[in-house]
Amino acid sequence: MDRHPIVAGRFYDGQPGRLHAEVDGFLARAEGRQEDRTLLAMVPHAGYVFSGEVCGKTLGKARLASTVLLLGPNHTGRGERSSLWPDGVWNIPGGALPVNTGLAEALLEADPAIKADTSAHMSEHSIEVVLPFLHRLNPETTIVPICISAPTLESLERVGEAIGRVLKDFRSPVSIVVSSDMSHYISSADARKMDGMALEPIMILNPAGLYDAVRSRHISMCGVLPVTTGLYAAKILGATHAELVAYANSGEFSGDFEQVVGYAGVLVG
């Protein structure tokens, strides 16, 4: 089954030429490139006018494999707790990224909690918004998208470690890209403080610490579940360090610093 874009023309330009130019401009702002393969990248998923620069700086610096596992939050509440899109292509303006069915099948076999399900993805924007960047970096990229909404730390750990084992043994290298915005609709000063509390455990590769910090301090980080899952997987893959590539908030682009959304770009290797 193929997926067609739902936020083209709203979150990003729906005309291919303008979209390509915009994404290329964001990617060009990256400072250098990682020497080793990126195991995990965390990037935001807001409209490009707000978060495109953070996403571009981060993915432009990453060294992604040609197969990418995409983990995103489930804003709609539809579908399974770990919903994997199993086949077909994901269309974007001017291109498409095919699902890597071999990897999809291996992940579905790895843990019964991971289920083939398209309903969670049909009205969900968090993974779609990242795809134009991946396509411009490498139009031969293949993907496996998973929406994560499992509520408990134990379930996230189990699924994350199952994913890590599959990626470790897969026949070709795979990078993980996780989609998440940070704090929502608080002042710029408060967002920087709260986001710092969430980023601190990410920087030391502590998924349980991230989950606990967000839950106990009521940090409105929409992608805490996929990021937690991704960190468990990255640790199985041998991750040793993380780098905060970029941080910004919507007020820097809108001028409204009283009601902002935070955006962070992190690379894990």
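**Group meeting: the nonpolar core and its helices**

Let's start in the middle. The largest nonpolar core has 78 residues, and the ones touching the most other members are L69, L134, I163 and M221. Which helix gives the most to this core? That is α8, with seven residues. There is also a second, separate core. That one has six residues, including V54, A246, V261 and Y263. One reminder before I go on: this is a predicted model.

Some background. In soluble globular proteins, nonpolar side chains tend to be buried together.

Now L69. I leave aside neighbours within four places in sequence. L69 is then in contact with L107, V144, I146, I163 and L167. Add V174, S175, I176 and V177, and you have its list.

Next, two helices. L107 lies in α3 and I163 in α5, and both are part of the contact between these helices. Helix α3 covers residues 101–110, and helix α5 covers residues 153–169. How do they pack? The angle is about 140 degrees, and the axes are 9 Å apart. The cut-off for roughly antiparallel is over 145 degrees, so α3 counts as oblique to α5. The crossing of α3 past α5 is right-handed. On the α3 side, the contact uses L103, A106, L107 and A110. On the α5 side, it uses A162, I163, V166 and L167.

Back to α8, residues 224–236. Is it mostly covered or mostly open? Mostly covered: 11 of its 13 residues are buried. The buried ones are V224, L225, P226, V227, T228, T229, G230, L231, Y232, A233 and A234. A quick geometry check. At 1.5 Å a residue, this helix should span 18 Å; its end C-alpha atoms are 19 Å apart, so the two agree. Just after α8, look at G238. Its phi is positive, about 95 degrees.

Last stop, M42. You will find M42 in strand β1, residues 40–43. Buried or exposed? The relative accessible area of M42 is 1%, and the cut-off for buried is under 20%, so M42 is buried. What does M42 touch, again leaving aside neighbours within four places in sequence? The contacts are T58, V178, M182, L199, I202, M221, V227, A264, G265 and V266. Two of those names came up earlier. M221 is one of the core residues touching the most other members. V227 is among the buried residues of α8. One distance to finish on. M42 and G160 are 118 residues apart along the chain, and their C-alpha atoms are separated by 15 Å.

Methods
Residues numbered from 1 in each chain as written. Predicted model: local features only at pLDDT ≥ 70, side-chain atom pairs only at ≥ 80, totals over all residues. Heavy atoms only, no water. Helix = DSSP H or I, 4+ residues; strand = E, 2+ residues; numbered from the N terminus. Expected span 1.5 Å × (residues − 1). Buried < 20%, exposed > 50% of the residue type's maximum accessible area, 1.4 Å probe, protein only. Core = buried A, V, L, I, M, F, W, Y, C linked by side-chain atoms within 4.5 Å. Contact = heavy atoms within 4.5 Å. Axes fitted to C-alpha atoms, helices over the stretch in contact; angles between N-to-C directions. Parallel < 35°, antiparallel > 145°, perpendicular 65-115°, else oblique. Left-handed = near helix turned anticlockwise from the far one by under 90°.
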